[in-house]
Amino acid sequence: MLSDLADAEAEERGYLLTGRTENLGNFERSRKALDSEFDRLTALVKNNPAERQEVERIRYLVQQDLDELQRSIASRAAAGSRAAFAEILTDRARKLTEALRQSIKGIDEKDQGILVQIARRRRSRLAGALAAVSGALLLAASYLWIGQIIIARSATRCQKAEAALRASQDRFETLCEQAPLAIYSTDAQGLGVYTNSRWSQMSGLSAAESLGNGWKRALHPDDRESVFESWKTHALQGTSWEYRLLTSDGKIRWVRALGGPIYSPLGELTGYAGTIEDITEARNAQRARHETEERLQESEERFRAIFYQAAVGIAQTSIDGKWLLVNDRFCEILGYTLAELHGRTFVDITHPDDRETSVTQVTRLLAGEISSLSLEKRYIRKDGVTVWGSVVVSLVRDQQSQAQYFVDVVEDITERMLAQEKLRESEERFRNMADTAPVMIWASGPDKGCVFFNKVWLGFTGRTMEQESGNGWAEGVHPDDLDQCLAGYSSAFDARQSFQMEYRLRRADGVYRWLLDQGIPRFTAGNVFHGYIGSCIDITERKHEEELREELRHERERLAEVRGMERFRLSFEEAPVGMALIRGDGVWLRVNRALCEMTGYSEAELISRDGDITHVDDRAEESRMISRILSGEVAAGRLEERYMHKQGRAIYVLVSIAVVERDEAGRPVHFLAHVEDLTDRKRFERELEASRAQMVSSSRLTALGSMAGGIAHEINNPLAVIHASAANISRMAESGSVQVPAVLKNSKRISQTAERISRIVRSLRHVAREGSADEFRETPVREIVNETLELCAERFRALNIHLGVSAIDPAAVISCREAQICQVLLNLLQNAYDELVDWEGDRWVKLDVTYCPGWVVFSVSDSGPGIAAENRAHIMEPFFTTKPMGKGVGLGLSISRSIALEHGGTLELDEESPHTCFRLKLPRSKAA
């Protein structure tokens, strides 16, 4: 390597002496060979830091020599041969000789690594090189004058070399400026020293603006900090890095920078150089591709989520109806797995009654007559159970409109269809009850339109259901009442509140009658508003009486003003309701014709009787009312009481008494009594009460009827015992061998069994009584429980339902109507029995009697499925039942709670019990 350096120096001397440029060819080749040799040496010692440092140092010295030779060549061209010779003979030769001597001395001292071995092999050549250099110095002195002659001849050649150098520099600048990449260089501190035109196009900064720290202005604000921190690290490692530029017009450009360090001959870092590539389009394309892939992945994930996690069944079927793909919900609805559905078609699992319709609709879909089909149909589950499904089917076609496959969406609507069936049955029960009720009943939907009128209403108006539905009923309302009627109805409807209003409605004969209309909002088990139900009562007579009373009041005011009795007399006599003028001491002064007709007495008879037509049981209450008026406590009074008709029957009346005249001291002088006949209304109320009692009795008898099988079994067993005992006695009598002990034993058995039958019949008669008129009496709790169990225990045993009864305190006594409390317990036990009839789990019923201060608590619980949470709030309501059609009317619990309240107690569902548990709480007798 050092010999190559010597060769280079010899060629350089030839150029200096002759000026011939061909002498520089070996110089250039030697320089390249030296660079390659140093690269190879660096690779060999890359794992040894000490040797690598020494190689770099030698490389620096050699590079310094080569640079010195290059400067000599430049001096030769610029200053002529004489100056070049002087430089060679003095400074350059001295420096070169000293540097090489120190280098060889350092290599000998370290004597290690591969560089030492190479230096030893070259030592002899290096000594020759030194000798050649020394000879060259002496020879140069002798040839100095020859060089002066040659310098003149080489001037032309020097000018040509300078022109070639400028051309080379021009080519370099042209290459940099026309390069498709931005090219830059900086000093060691990162201050810009050069940028090409491509950088200016990218950044919007000119070459002058990019000098120093100016290039940093092109960096995007969000990337400046990261670029400042990492660009030198990337440049030293030779790795690329990406960041954003923000141009002056606000555009953002992504670039990829690649650079490397520049070292001085001494191995010092002097700067950095590299390229910058605009990757905005590639980056945008990559981001667009990435976003597209993400959207595609999201779309696929959404499809999978929709398909497999959907709350409805989704399936893909072939054109011939075979199942290709189904989700979990579809399998759950039909009870099949996908493997089990393989080979089957949709026709195979469709209910036979719905197959023809399904096939017809699918055929229409394939023929293009319809774009999709939607229908409600029945499927046959794997376990044979019928399920209802709401099915939507669409047909997928290819680009040539050829049918590919079906997509089916199935929603399980079994519960809804069953609920609709129950609703239909409930509505049927409601219609039957409403049509037999003695009042006018109507019902509306949630849209304010009426949907039902009972037969009494339709008979009153003489119109059909279709004519009255919606707002058709309003056609019969009196024009003067219509606006007020509709406004009151609408405002109450919007507020979901009960209402009561009066209006006139046209009867079938064209006569308008006053009605009292009462409406109550209806809510489903989920507290969803379902409309209103209302009833109407004909109050025409009462309304007329109120109008007459109002007229009489005005008349009384006019009478007081003018003190004229004639007009009062006329209104008094012609009034359609009973009226009487009574003196302050209670003596009847005058009565009108209506009162005479009402009571059957003449005016003279009524005046002579001094008002003693009041029923004897109501006279005390009437006297108290008159006393309050006389004392000034009230100005007027109203009282319902009974008058005795002349024929001896009692009539119900509403008596209103007011003072019409007072003396100067303010004491009443005259009273005016207004008498309204309530007999017809009372009769109607009694009929309603009788209807209610009949429904209560029906409910009670229904419970007894449910227990009839057990009661019959309970009686048949004792009868069999009686029959067997009697047969034993007969056989002994026929055989002539009558054994007294055996006869006594059979007779005693007959007597005991007959007593048992008697107790059962007595309990049955006792519970079957209505009991509301019974007197309250002190009754032992044990007696009540025994009476109840006599009627139902056998039925529980027959069905293998364990009926457990807790120990009962013999001293526990309550004051009650025994028959009614037995009815309540019997109803609770019957409900528990009904819950367990079809129950496949553990079946037991418990009747527990517990005590707390002042109270006795009867608890009836069972192991059945329990009451649904949405039904608990309504379980005590009249006509609300969870039993199937024909199993009950929903009055048992409502009546039982009424009986509990009449006894001063309560009947409640225990919400905290893990099982269905009803608690009947009754006050304990104080005597106990």
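Here is a short chat about salt bridges and paired strands in a predicted model.

Student: Before we start, what are the ground rules for this model?
Tutor: Residues are numbered from 1 along each chain as its sequence is written, and side-chain values use heavy atoms, with hydrogens and water left out. Since the model is predicted, local features need pLDDT of at least 70 and side-chain atom pairs count only at pLDDT 80 or more, while totals for chains, interfaces and linings use all residues.

Student: How many salt bridges does a search of the whole structure find?
Tutor: Let's fix the term: a side-chain nitrogen of Lys or Arg has to lie within 4 Å of a carboxyl oxygen of Asp or Glu. One network of such contacts links Glu242, Arg256, Glu277 and Arg283. Searching the whole structure gives 36.

Student: Which residue forms a salt bridge with Arg513, and where does that partner sit?
Tutor: The closest N and O atoms of this pair are 3.0 Å apart, and the partner is Glu541. The two are 28 residues apart and link distant parts of the chain, with Arg513 in strand β14 (residues 512-523). Helices (H or I, at least four residues) and strands (E, at least two) are DSSP runs, numbered from the N terminus. Glu541 sits in helix α19 (residues 540-562).

Student: Is Arg513 buried or exposed?
Tutor: Buried means under 20% relative accessible area, exposed over 50%, and partly exposed in between (1.4 Å probe, protein chains only). Glu541 has 45%, so that residue is partly exposed. Arg513 has 14% relative accessibility, so the call is buried.

Student: And why does Glu475 count as exposed?
Tutor: Glu475 meets Arg463 in a salt bridge at 3.1 Å, N to O. That pair is 12 residues apart, with Glu475 in the loop between α17 (465-468) and α18 (479-495) and Arg463 in the loop between α16 (455-461) and α17. Glu475 counts as exposed because its relative accessibility is 52%.

Student: Back to β14: which residue in the β13-β14 turn has a positive phi?
Tutor: Strands pair if DSSP finds at least two bridges between them, and β13 (residues 499-506) pairs with β14 in the antiparallel sense over 8 bridges. They form a hairpin with 5 residues between them. The residue with a positive phi, of about 90°, is Gly510.

Student: Which residue in β15 stands opposite Leu516?
Tutor: Leu516 is also the bridge partner of Glu502. β14 and β15 (residues 529-538) run antiparallel, joined by 9 bridges. Opposite Leu516 in β15 stands Ile537.
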